Amino acid sequence: MLRKKIIIGNKYGKLTIIRKENNYWYICDCDCGNRIMVSAKDLEWNKIHNCGCTSKEKILREKEQKKIEKLFDEDRFKNGRSGASFWKRQVLIRDNCICQMCGASPAKDPTVDLHADHITPWSRGGKTTLENLRTLCMKCNIGKGDLHDE
Ligand SMILES: [Zn+2]
Ligand SMILES: [Zn+2]
C-alpha cells in the first residue's frame, strides 16, 4: 500500500481533513457531523475512512428496517401479541405516554392504562403504521365507541 500525502481539505472516505493539530494528529470532519482527531499514520496509510459511524449506523438501521418489514409481512399486529406490543411501545414512546384525547398519563396517575389505537380502524382498512396509531387511555378508547385495539 502506498503512503499518502496528507492535504488539508482532502477527503478520505467520509472524512474531510480540517487542520493539522500537530505532527501526529489531524482534525477531521466526518460526513455524519462528528469531528474527530485522526492520527497522521492512519491517514497516510489509508486506514481510516469515517469516524466509526458507518458500520454501527448501517447495522442498526438495517436491523430496525427488517424488524418493521417483518411485522408488516406477518400482519402480527392483528394476529399475534408480540407485534402488538412492539407497535404499542413505538406509539407510546412517540406520544410520551400521554393520552392524545384527554392528556392522561400513568406518570401522573398510576391507574391510567394506555393503549395504541388505530385512528382509521383496522376494520375500515386502517394501516398499522405510526401515522395511523395514537396513544389513548382506556377511558377514551372505550368512549370512542370504535373498534377496540390492544
Ligand atoms: Zn461519522
Ligand atoms: Zn384519555
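How many bridges join strand E2 to E3, and in which sense do the two run? Select residues 15-20, which are strand E2: five bridges join E2 to E3, and the two run antiparallel.

The structure on screen is a predicted model, in which local features need pLDDT of at least 70, side-chain atom pairs count only at pLDDT 80 or more, and totals for chains, interfaces and linings use all residues. Residues are numbered from 1 along each chain as its sequence is written, while chains are lettered from A and ligands numbered from 1 in the order in which they are written.

**Whole chain**

Colour by secondary structure. The protein chain has five helices and six strands; helices (H or I, at least four residues) and strands (E, at least two) are DSSP runs, numbered from the N terminus. Followed from the N terminus, the elements read β-β-β-β-α-α-α-α-β-β-α. Of the 150 residues, 16% are buried (20 or more other C-beta atoms within 10 Å of the residue's own; exposed is 12 or fewer, partly exposed is in between, and C-beta atoms are placed from the backbone). Among contacts (C-beta atoms, placed from the backbone, within 7 Å) between residues at least 6 apart in sequence, 42% join residues at least 24 apart.

**The four-stranded sheet**

Now select strands E1 to E4. They make an open sheet in the order E1-E2-E3-E4, with antiparallel pairing; two strands pair if DSSP finds at least two bridges between them. E1 (11-12) and E4 (35-39) are the edge strands, and each has a single partner strand, so one side of each is left without a neighbour in the sheet.

Return to E2 and pick Thr 16, whose bridge partner in E3 is Asp 29. Follow the chain onward from E2: a hairpin of four residues leads to E3.

Strand E3 covers residues 25-30 and pairs with E4 in the antiparallel sense over five bridges. Two of the partners can be picked in turn:

- Tyr 26 has Val 38 in E4 as its bridge partner.
- Ile 27 has Met 37 in E4 as its bridge partner.

The E3-E4 hairpin has four residues between the strands, and Gly 33 in its turn has a positive phi of about 105°.

**Ile 98**

Last, go to the loop between helix H4 (81-94) and strand E5 (114-118), and select Ile 98. Is Ile 98 buried or partly exposed? With 18 other C-beta atoms within 10 Å, Ile 98 is partly exposed. Leaving aside residues up to four places away in sequence, Ile 98 touches Gly 103, Ser 105 and Thr 135. Add Cys 137 to the selection: Ile 98 and Cys 137 are 39 residues apart in sequence, and 8.0 Å separates them C-alpha to C-alpha.

Note on methods:
Two residues are in contact if their C-beta atoms, placed from the backbone, lie within 7 Å.
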